[in-house]
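Here are my notes on the model, point by point. Please read them with the coordinates open.

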Amino acid sequence: MYREKASGADSERLQLEKLIASLGEDDIVVVIRIDRFARCTFDLFSIVQRYY
């Protein structure tokens, strides 16, 4: 389980980077609240585009 305590406005997301680095090919990420993962749809698209 990964938990980010930094501000959502902060672009440095160390826990997110650790999560992505630890994922295997068949792993699934469950996000309880999408607003905790990304601030907006554009931010979510940016995260997905950067890592996948």
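1. I34 lies in helix α2. This is a predicted model. I34 counts as exposed, because its relative accessible area is 52% and the cut-off for exposed is over 50%. Its C-alpha atom is 8.8 Å from that of L44, ten residues away in sequence.

2. Next, the overall fold. The chain has three helices and zero strands. In sequence order the pattern is α-α-α. Helix α1 covers 14–22 and α2 covers 34–37, while α3 covers 41–51.

3. How much of the chain is buried? Of the 52 residues, 15% are buried. The chain exposes about 4,700 Å². Carbon and sulfur atoms supply 54% of that area.

4. Now the core. The largest nonpolar core has six residues: L16, L19, I20, F37, A38 and I47. Which helix gives the most to this core? Helix α1 does, with three residues.

5. The buried residues of α1 are L16, L19 and I20. They sit on the same side of α1, because they cover an arc of only 95° around the axis. An α-helix has 3.6 residues a turn, so residues three or four places apart point the same way. The buried residues of α1 pack against α2 and α3.

6. L16 deserves a look of its own. Leaving aside neighbours within four places in sequence, L16 is in contact with E4, F37, I47 and Y51. Two of these partners, F37 and I47, are also listed in the largest nonpolar core.

7. R13 is worth checking by eye. Is this arginine buried or exposed? R13 counts as buried, because its relative accessibility is 16% and the cut-off for buried is under 20%. R13 is found in the segment before α1. Beyond four places in sequence, R13 is in contact with E4, R36, F37 and I47. E4, F37 and I47 also appear among the contacts of L16.

8. Y2 is also in the segment before α1. Y2 is partly exposed, with a relative accessible area of 38%. What does Y2 touch, not counting residues up to four places away in sequence? The partners are Q15, K18, L19 and S22. One of them, L19, is a buried residue of α1. For K18 there is a backbone distance as well: the C-alpha atoms of Y2 and K18 are separated by 8.2 Å, at 16 residues apart along the chain.

9. On charge pairing, a search of the whole structure finds one salt bridge. R33 forms this bridge with D35. The closest N and O atoms are 2.8 Å apart. R33 is partly exposed, with a relative accessible area of 47%. D35 is partly exposed too, at 35%.

10. Last, the surface. I28, V30 and I32 make a nonpolar surface patch of about 410 Å². I28 lies in the loop between α1 and α2. I28 counts as exposed, because its relative accessible area is 72% and the cut-off is over 50%.

11. To view the model in order, start with the six-residue core. Then turn to R13 and its contacts, including R36. Finish with the patch of I28, V30 and I32.

Notes: Residues are numbered from 1 along each chain as its sequence is written. This is a predicted model: local features need pLDDT of at least 70, side-chain atom pairs count only at pLDDT 80 or more; totals for chains, interfaces and linings use all residues. Side-chain values use heavy atoms; hydrogens and water are left out. Patches are made of residues with over 30% relative accessible area and no salt bridge: like charges are joined within 9 Å, nonpolar side chains (Val, Leu, Ile, Met, Phe, Trp, Tyr) within 5 Å. Accessible areas come from the Shrake-Rupley method with a 1.4 Å probe; for residues, only the protein chains shown count as cover. A salt bridge is a side-chain nitrogen of Lys or Arg within 4 Å of a carboxyl oxygen of Asp or Glu. Helices (H or I, at least four residues) and strands (E, at least two) are DSSP runs, numbered from the N terminus. Buried means under 20% relative accessible area, exposed over 50%, partly exposed in between (1.4 Å probe, protein chains only). Contact means heavy atoms within 4.5 Å. The arc is that of the directions from the helix axis to the C-beta atoms. A nonpolar core is a set of buried Ala, Val, Leu, Ile, Met, Phe, Trp, Tyr and Cys residues joined through side-chain atoms within 4.5 Å.
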